[in-house]
Amino acid sequence: MDLMSGDRLWPQSLRALVLSGGMSRRMGQDKALMPHPSGGVWLTALVGVLQQAGLPVMVLTRHASHVALLSGWSNVDLVLEPEPWEGPLMALSKVLSERDGEPLLVCPVDMPQLTAPILQRLVAAWMEQPHAMAVADDGMRLQPLLAIIPSGQPFQTALRCCLDSGERRWLAWMEHVPYQRVRMPADALLNVNRPRDLSALEP
């Protein structure tokens with residue numbers, strides 16, 4: 001069954017977090033503002049998919065242009081990421097709650113082929129083990145930036161310990177918290193980083 005707007009199959013406390021604060025150096029232009037095949041740009045298309053799934057959305061970015069683009073959208077919280085800007089793990093630490101019961105479905109802005117049914121699969125798997133992260137797996141490797149992350153302990157404590165030690169790798173943090181792999185179609189998880197990767201996108 002596909003997710004439809006308003007059809008909640010998960011706790012109402014679950015929110016989506018779009019990570020959109022990167023510099024897109026390998027692409028050579030802001031990926032969030034690239035045209036999307038379904039209309040709009042990658043950022044607005046992803047927010048639309050998350051809203052179709054019935055999720056409230058938070059967009060975390062350092063770019064004022066992203067905030068301006070989504071200004072006025074309903075059920076979208078726009079957060080300008082404060083410095084220091086040191087990658088997605090640092091970004092997550094600024095919004096992941098220390099309180100229990102405030103999980104986040106984290107999505108990177110550069111997975112332009114994500115769909116609501118794919119997100120449903122991730123949510124359904126997480127609900128079977130809600131005290132562990134549910135991390136997307138494309139069959140070859142983990143795609144850790146597409147994940148549902150519980151709040152509170154031990155996630156926030158491990159996150160702070162990693163950052164305090166100078167560790168910035170997402171996978172290194174995951175070594176200290178419980179997680180499960182969720183097998184998902186590789187094409188839906190296509191992570192587009194360079195101009196040559198664009199040829200793999202469906203027309």
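Where in the chain does Ala32 lie, in terms of the elements on either side? The points below take up that residue after a short overview of the model.

1. This is a predicted model, and the protein in it has 6 helices and 7 strands. Read from the N terminus on, the elements follow the order β-α-β-α-β-α-β-α-β-β-α-α-β. Of its 203 residues, 51% count as buried, and the accessible surface comes to about 9600 Å², with 52% of that area belonging to carbon and sulfur atoms. Among contacts with a separation of 6 or more, 70% are accounted for by residues 24 or more positions apart.

2. Ala32 is found in the loop between S1 and H1, and with a relative accessible area of 1% this alanine is buried. Not counting residues up to four places away in sequence, Ala32 touches Ser20, Val41, Trp42, Leu43, His66 and Val109. A further link across the sequence is given by Asp110, which is 78 residues from Ala32 along the chain, while the C-alpha atoms of the two are separated by 7.1 Å.

3. Val41 likewise belongs to the loop between S1 and H1; its relative accessibility is 16%, and because buried means under 20%, Val41 counts as buried. Once neighbours within four places in sequence are left aside, Val41 is in contact with Ala32, Leu33, Met34, Pro35, His36 and Leu69. Val41 and Lys31 stand 10 residues apart in sequence, with a C-alpha to C-alpha distance of 8.6 Å.

4. Helix H1 follows, and since 8 of its 11 residues are buried, H1 is largely enclosed by the rest of the structure. The buried residues in H1 are Trp42, Leu43, Thr44, Ala45, Leu46, Val47, Val49 and Leu50, and the elements they pack against are S1, S2, helix H2 (64-70), strand S3 (76-80), S4 and H4. Just after H1, Gly54 adopts a positive phi of about 85°.

5. The largest nonpolar core comprises 34 residues, and Leu43, Leu50, Leu105 and Leu146 are those with the most contacts inside it. Two or more residues of this core come from each of strand S1 (15-19), helix H1 (42-52), strand S2 (57-61), strand S4 (104-108), helix H4 (116-128), strand S5 (133-137) and strand S6 (142-149), and H4 gives the most, with 6 residues. Apart from the core of 34 residues there is a second, separate one of 26 residues, which includes Leu17, Ala147, Leu163 and Met174.

6. What does Leu43 contact, once its neighbours within four places in sequence are left aside? The partners of Leu43 are Val18, Ser20, Ala32, Val59, His66, Leu69, Leu70 and Val109. Several of these names recur above: Ser20, His66 and Val109 are also touched by Ala32, and Leu69 is also in contact with Val41.

7. The structure holds 1 aromatic pair. The rings of Trp170 and Trp173 have centres 5.7 Å apart and planes at 85°, so the pair is edge-to-face, given that planes over 60 degrees apart are classed in that way. Both tryptophans lie in helix H6 (residues 170-174), where Trp170 and Trp173 are 3 residues apart, about one turn of the helix. Each of the two is buried: Trp170 has a relative accessible area of 6%, and Trp173 is at 0% relative accessibility.

Conventions. Residues are numbered from 1 along each chain as its sequence is written. This is a predicted model: local features need pLDDT of at least 70, side-chain atom pairs count only at pLDDT 80 or more; totals for chains, interfaces and linings use all residues. Side-chain values use heavy atoms; hydrogens and water are left out. A nonpolar core is a set of buried Ala, Val, Leu, Ile, Met, Phe, Trp, Tyr and Cys residues joined through side-chain atoms within 4.5 Å. Buried means under 20% relative accessible area, exposed over 50%, partly exposed in between (1.4 Å probe, protein chains only). Helices (H or I, at least four residues) and strands (E, at least two) are DSSP runs, numbered from the N terminus. Contact means heavy atoms within 4.5 Å. Rings of Phe, Tyr and Trp (its six-membered ring) pair if their centres lie within 6.5 Å; planes under 30 degrees apart count as stacked, over 60 as edge-to-face and the rest as tilted. Accessible areas come from the Shrake-Rupley method with a 1.4 Å probe; for residues, only the protein chains shown count as cover.
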